[in-house]
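Please examine the sequence and the structure shown below. The briefing that follows treats them topic by topic.

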There are 2 protein chains.
Amino acid sequence: MAERLKGNMLIAQSGGPTAVINQSLVGAIIEAKKHGEIKGIYGALNGIKGIMEERLIDLRREQLPNIKKEACTPCAALGSVRKKPSEQDCAAIFKILQKYDIRYFFYIGGNDSAETTHIINENTKKDNYEFRCFHIPKTIDNDLLENDHTPGYGSAARFVAMAVMGDNFDNISLPGVKIDVIMGRHAGFLAAASSLARVNEGDGPHLIYFPERPFSKEMFLTDLEKVYSRYGRCLVAVSEGICDENGDPIASKFIKEVDAHGNVQLSGTGALGDLLAGFVKNELKIGRVRADTFGYLQRSFPSLCSDVDVKEAYQVGALAVKYATSGKLGSGSVSIQRKKSKKYEVYFEPVELLKVAKHTKSMPAKFINKQGNNVTKAFIEYAKPLVSKLPEIGMLTKYPVRKR
Amino acid sequence: MAERLKGNMLIAQSGGPTAVINQSLVGAIIEAKKHGEIKGIYGALNGIKGIMEERLIDLRREQLPNIKKEACTPCAALGSVRKKPSEQDCAAIFKILQKYDIRYFFYIGGNDSAETTHIINENTKKDNYEFRCFHIPKTIDNDLLENDHTPGYGSAARFVAMAVMGDNFDNISLPGVKIDVIMGRHAGFLAAASSLARVNEGDGPHLIYFPERPFSKEMFLTDLEKVYSRYGRCLVAVSEGICDENGDPIASKFIKEVDAHGNVQLSGTGALGDLLAGFVKNELKIGRVRADTFGYLQRSFPSLCSDVDVKEAYQVGALAVKYATSGKLGSGSVSIQRKKSKKYEVYFEPVELLKVAKHTKSMPAKFINKQGNNVTKAFIEYAKPLVSKLPEIGMLTKYPVRKR
């Protein structure tokens, strides 16, 4: 049996927040309290930035009812950061880890955060410092490798499905072209979730575009004209990360800002939606063309979480602590796998940090139709259980009155 | 006692949809079934456009469970339109009314729709056609005259409050400047509702701008810098209808499209948010500046309705039919008034069509602070009961760990 490593625990959050990221935090805290070898349960504010600045809080002192309420509150309770540690940062972080006798470290985040966790872990090895660290997965983009899906995705996908469901009715009420720009830097999973909005024949989104398929203005306008002439309206869902044939993001043509990981700013601007709406207005001469960019609401909206997502986000937090304390692995990430059963069921598995770090997962080909402008049935089957039950929708039968 | 006018009833929806506009429709249908003098209960598809094109449906044949589900579904079940009838249109409409023996007409919409109802009513008088028509109020903008508030506002305000609540946590997680553009062409009621998002000291929105006060770039940047230097972040709520000192919408500087009522297109574009974010990036040199435009989600999001709003929307629909069948008034609109009691209570009153038509209500001065960049306590007291209970929010106490 592996040795019990005594010491303090440190947990932090990183990258874009989600609606359930605090479930993972609270899962880890509650689990940690069950392990006698874990003494102090500390949180670092704003990820590794808070570690370097020694802005640590004592999570053991938080009252249980309060942390349970915090679990249901969206966005990073500890604050977040987008920062890739330099050599120098790593040295600084290591000093803090030693000074506070941190033997367990947990970092909740996406692929960039897994990379950060790996870098920090490698750095401690040089000095033979006994240390166990786990990455706890979260990303609304659902693009983490080695996972069937990731915590945060289900709730964001639920928001997108509901928003597009309502927007479809709006578009029926006042027909025209409506373009909804949805988050997803490298993967179209979130844009694809808009398909779950469809209830009745003819419901939008009629077209969905993904970063996984090259986007061209010509194809877009041809697709759109076809739908418009059939339905007298067209609802389009577009991933913010759509790229041209060379793999350059369409948005990058007019947005220059990049973050610490070299990613172009795609969110927090309506520019892509307005660009696409401009194409339609100018070239198809359709009168009513509107674009909405769902923006940060997708990841931060309170009280709309998917039940499945809530449960799993809590579980990965608790499991990370279990894996670390078991001592069988020095480091890793917690992955979610789906059983091959008919009913939706998952199991969890530890995976190596490097396997989920840095790179991202794309939508598998079987989820995208041949034309590259819609999802397949396989995607609907995949995504439906993740968003939990969507609201019921009414629809008048519309018995015609005989013309007089 | 007034005479019972026998004939058919026609109902239609107009203008921007809301999340509860179908409650009013269903309220009117269910009430109409109680009145023997109303024979056919017809709906016109896409407002007066559907009347002119004789696209009428038989609402009496709809199954009750189905229309009850439809009541809870956002956006105009009958379809909507933005159209002001010309002289010629009025003549065409009158012919249809006569042909189908329409004696009761109900039009669900905002101030423009009240004007349309008035125009149609005036036109029938020439021929001494016995006719009773009522406008049923709805507008998320809350800018209808003679009303304490309007159906649709409470639910849209609830969405805005919840979205900004989540966005405030997002902005705490990853600090920076965040600008949220909120609907409201002439009135700042909806942008003001963002204030209901505040739970803890320091919560955003820190600044709110309204169409009722002149907006200048200089003032905006000065206000913002003050907040930013205090909190290291700033969350701003801006009404899409903000204007310069000359009363010209800031958005009109770069948007040229106008609708049939002469209104500039303000929604369905991220341009205003991006313009304001550009000011901050370029002049204050703040790194992380983001803008989201809430867009059509505000009026169409399913399953988030305010209970109070749902109830009142149903009531105004039912009351319009009661007023019309009572025969005491030939035409009018249903208004919502608030009792001067401590507990929130309303009563309803018929008002003349011309009193609510065309013109719009602004936020009263007592709801806006002196600087014109925030709401007052009086506004919070006014708006709080309209959005119903907001979700509970957790917050870590954040006990600091003693520095070593």
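By what turn and what shift along the axis can chain A be laid on chain B? A turn of 180° with a shift of 0.0 Å along the axis lays chain A on chain B with an RMSD of 0.0 Å, where copies are superposed by least squares on the C-alpha atoms of residues with pLDDT of at least 70 in both. The two copies are thus related as by a two-fold rotation axis. In chain A, the C-alpha of Gly270(A) is the nearest to this axis, at 2.0 Å.

**Basis and confidence**

- This is a predicted model, in which local features need pLDDT of at least 70 and side-chain atom pairs count only at pLDDT 80 or more, while totals for chains, interfaces and linings use all residues.
- Residues are numbered from 1 along each chain as its sequence is written, and chains are lettered from A and ligands numbered from 1 in the order in which they are written.
- Chain A has a mean pLDDT of 94, and 96% of its residues reach 70 or more; pLDDT is the predictor's confidence in each residue, from 0 to 100.
- The scores of the model are ipTM 0.95 and pTM 0.96.

**Overall form of chain A**

- Chain A contains 13 helices and 11 strands, which are DSSP runs numbered from the N terminus (helices: H or I, at least four residues; strands: E, at least two).
- The radius of gyration of chain A is 23 Å, which agrees with the value near 22 Å for a compact globule of 404 residues. This radius is taken over C-alpha atoms, and the globule rule is 2.2 Å times the number of residues to the power 0.38.
- The C-alpha trace of chain A spans about 85 × 40 × 35 Å along its principal axes.
- Of the 404 residues of chain A, 57% count as buried. A residue is buried if 20 or more other C-beta atoms lie within 10 Å of its own, exposed if 12 or fewer, and partly exposed in between, with C-beta atoms placed from the backbone.
- Helix H4 (residues 87-99) of chain A has 13 residues and reaches 19 Å from its first C-alpha to its last, close to the 18 Å expected; the expected span is 1.5 Å times one less than the number of residues.
- Asp101(A), just after H4(A), takes a positive phi of about 50°.

**Where the chains meet**

- In all, 63 residues of chain A are in contact with 64 residues of chain B; two residues are in contact if their C-beta atoms, placed from the backbone, lie within 7 Å.
- H6(A) gives the most to the side of chain A that touches chain B, with nine residues.
- The residues on this side of chain A comprise 29 nonpolar, 17 polar and 17 charged. Ala, Val, Leu, Ile, Met, Phe, Trp, Tyr, Cys and Pro count as nonpolar, Asp, Glu, Lys and Arg as charged, and the others, Gly among them, as polar.
- The copies meet through the same surface, because 100% of the interface residues of chain A are also interface residues in chain B.

**Two residues of chain B**

- Gly268(B) lies in the loop between strand E8 (234-239) and helix H9 (271-284) of chain B.
- Gly268(B) counts as buried, with 24 C-beta neighbours inside 10 Å.
- Not counting residues up to four places away in sequence, Gly268(B) touches Arg290(A), Ala291(A), Asp292(A), Gly295(B) and Tyr296(B).
- Lys322(B) is placed in helix H11 (residues 307-326) of chain B, and with 18 C-beta neighbours inside 10 Å it counts as partly exposed.
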